[in-house]
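Here is a short report on a protein chain. It covers aromatic pairs, the nonpolar interior and a few chosen residues.

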Amino acid sequence: KPSLYPIQMQRVAGIIGWIITVTLFSLPFLFVTWYLPLFLYVLLAPFLLKCCFAWRSLEEHTLAVVAALSEGIESGREKVGMLVSRDTARLDRDHILSAGYESMTENLTDSIISPLCFFSVFGLAGAAFFRAVNTMDAMLVYRDERERLGWCAARMDDICNFIPARITAFLLLLWFIPRGTFFDAVRILRRDGKKRPGFNGGIVMAVMAGGTGIRFEKPGVYTIGDGRRSLDEGGPDIIAAARAVTLIFSVVAVSALFLLGTMINSTGI
């Protein structure tokens, strides 16, 4: 609780808490990587790695919001309130859908591409490190009394997502080329990519909005995209794009790791 610390010490407390939490979460994964016999590592690694990703939950949670709206506006508000931190009490149907699909789009980086990047470069411990970083960001970064306590978590999440967010945006742009919306995606990226607070989320959201022709809007904060299509129309395309980017990057990452392993074996390193 922020109230436990003097205002002058809240950032320091946040930094110390961040270091302790990230370290404690990452250490078991590091132990498995360095000290377990190979056959045990092969058995345990897939289960541990699964803890660091959200392959299906992004789509499932978003579709749950869509399904809840069919039961009424209050059901939709309640369901989307589980995904986002904004006040959902007065959201209309379009803003509820926007919040749901925004969450899916932003978490395409947070829950899939970034963990894969860190796993590809740093192994299991890297994926665990990023999952801890992102979880701390989700828990502590709010524009309220927790702002100072969450300062370190916010900055580290921005740093860790900087490259993966741009990889995600690049892959989305590639996906939109054969669909004829590449230039729309680039235009919205240039116009709206910096409207959302933060260094990373707005880039991916702008490309997704431009490529699918929809509008993301958080009332009083930002509007991203032209909205030439409704979210009811464009929602399936958002899901399809997220699936495609996940598949493309997974194949690229696995292929790169396989080639690297082959090169290491062939050179005897």
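Two rings of Phe, Tyr or Trp count as a pair if their centres lie within 6.5 Å, with the six-membered ring used for Trp. Planes under 30 degrees apart are stacked, those over 60 are edge-to-face, and the rest are tilted. The model is predicted. By this rule, it holds 8 aromatic pairs.

**Aromatic pairs**

Take Phe31 and Tyr35. Their ring centres are 5.5 Å apart and their planes meet at 35 degrees, so this pair is tilted. Both residues belong to helix α1, which covers residues 10-35. They are 4 residues apart there, so about one helical turn separates them. How accessible is Phe31? Its relative accessibility is 44%, so Phe31 is partly exposed. Tyr35 reaches 56% and therefore counts as exposed.

Next come Phe118 and Phe122. Their ring centres lie 6.0 Å apart, with the planes at 40 degrees, so this pair is tilted. Helix α5, residues 93-140, carries both of them. Their spacing is 4 residues, about one turn of the helix. Is Phe118 buried or exposed? Phe118 has 13% relative accessibility and, with the cut-off for burial at under 20%, counts as buried. Phe122 has 56% and counts as exposed. Both Phe118 and Phe122 belong to one aromatic cluster, together with Trp18, Phe129 and Phe130.

**Charges over rings**

Arginine side chains also meet aromatic rings. The charged end of Arg166 sits over the ring of Phe162, 3.7 Å from the ring centre. Arg179 places its charged end over the ring of Trp175, at 3.4 Å from the centre.

**Overall build**

The protein chain contains 9 helices and 2 strands. Read from the N terminus, the order is α-α-α-α-α-α-α-α-β-β-α. The C-alpha trace spans about 55 × 55 × 35 Å along its principal axes. How does the radius of gyration of the protein chain fit a compact globule of 269 residues? Such a globule would have a value near 18 Å; the chain has 20 Å, so the two agree.

Buried residues make up 45% of the 269 residues. Among contacts with a separation of 6 or more, 64% join residues 24 or more positions apart. The exposed surface of the protein chain is about 14,500 Å². Carbon and sulfur atoms supply 66% of that area.

**Nonpolar cores**

In soluble globular proteins, nonpolar side chains tend to be buried together. Here the largest nonpolar core has 53 residues. Leu172, Phe216 and Ile224 have the most contacts inside it. Helix α5 gives this core its largest share, 13 residues. A second, separate core has 11 residues, including Val22, Leu140, Ala153 and Cys160.

Which residues does Ile224 touch, not counting those up to four places away in sequence? The nonpolar partners include Ile188, Met205, Ala206, Ala209, Ile214 and Phe216. Asp192, Lys195, Arg196 and Arg215 are also in contact with Ile224.

**Three residues up close**

The table pairs each chosen residue with a partner far along the sequence.

| Residue | Partner | Apart in sequence | C-alpha to C-alpha |
|---|---|---|---|
| Val254 | Leu116 | 138 residues | 9.5 Å |
| Asn134 | Ala54 | 80 residues | 12 Å |
| Glu102 | Met208 | 106 residues | 9.4 Å |

Val254 lies in helix α9, residues 231-267. Its relative accessible area is 56%, so Val254 is exposed.

Asn134 is found in helix α5. With a relative accessible area of 8%, Asn134 is buried. Leaving aside residues up to four places away in sequence, Asn134 touches Asp110, Asp157 and Asn161.

Glu102 is in helix α5 too. Why does Glu102 count as buried? Its relative accessibility is 3%, and the cut-off for burial is under 20%. Beyond residues up to four places away in sequence, Glu102 touches Arg86, Met205, Phe216, Glu217, Lys218 and Tyr222. Of these, Phe216 is also among the residues with the most contacts inside the largest nonpolar core.

Note on methods: Residues numbered from 1 in each chain as written. Predicted model: local features only at pLDDT ≥ 70, side-chain atom pairs only at ≥ 80, totals over all residues. Heavy atoms only, no water. Buried < 20%, exposed > 50% of the residue type's maximum accessible area, 1.4 Å probe, protein only. Lys NZ or Arg CZ within 6 Å of the ring centre and 35° of its normal. Core = buried A, V, L, I, M, F, W, Y, C linked by side-chain atoms within 4.5 Å. Contact = heavy atoms within 4.5 Å. Rg over C-alpha atoms; globule rule 2.2 N^0.38 Å. Areas by Shrake-Rupley, 256 points an atom, 1.4 Å probe, with all protein chains shown as cover.
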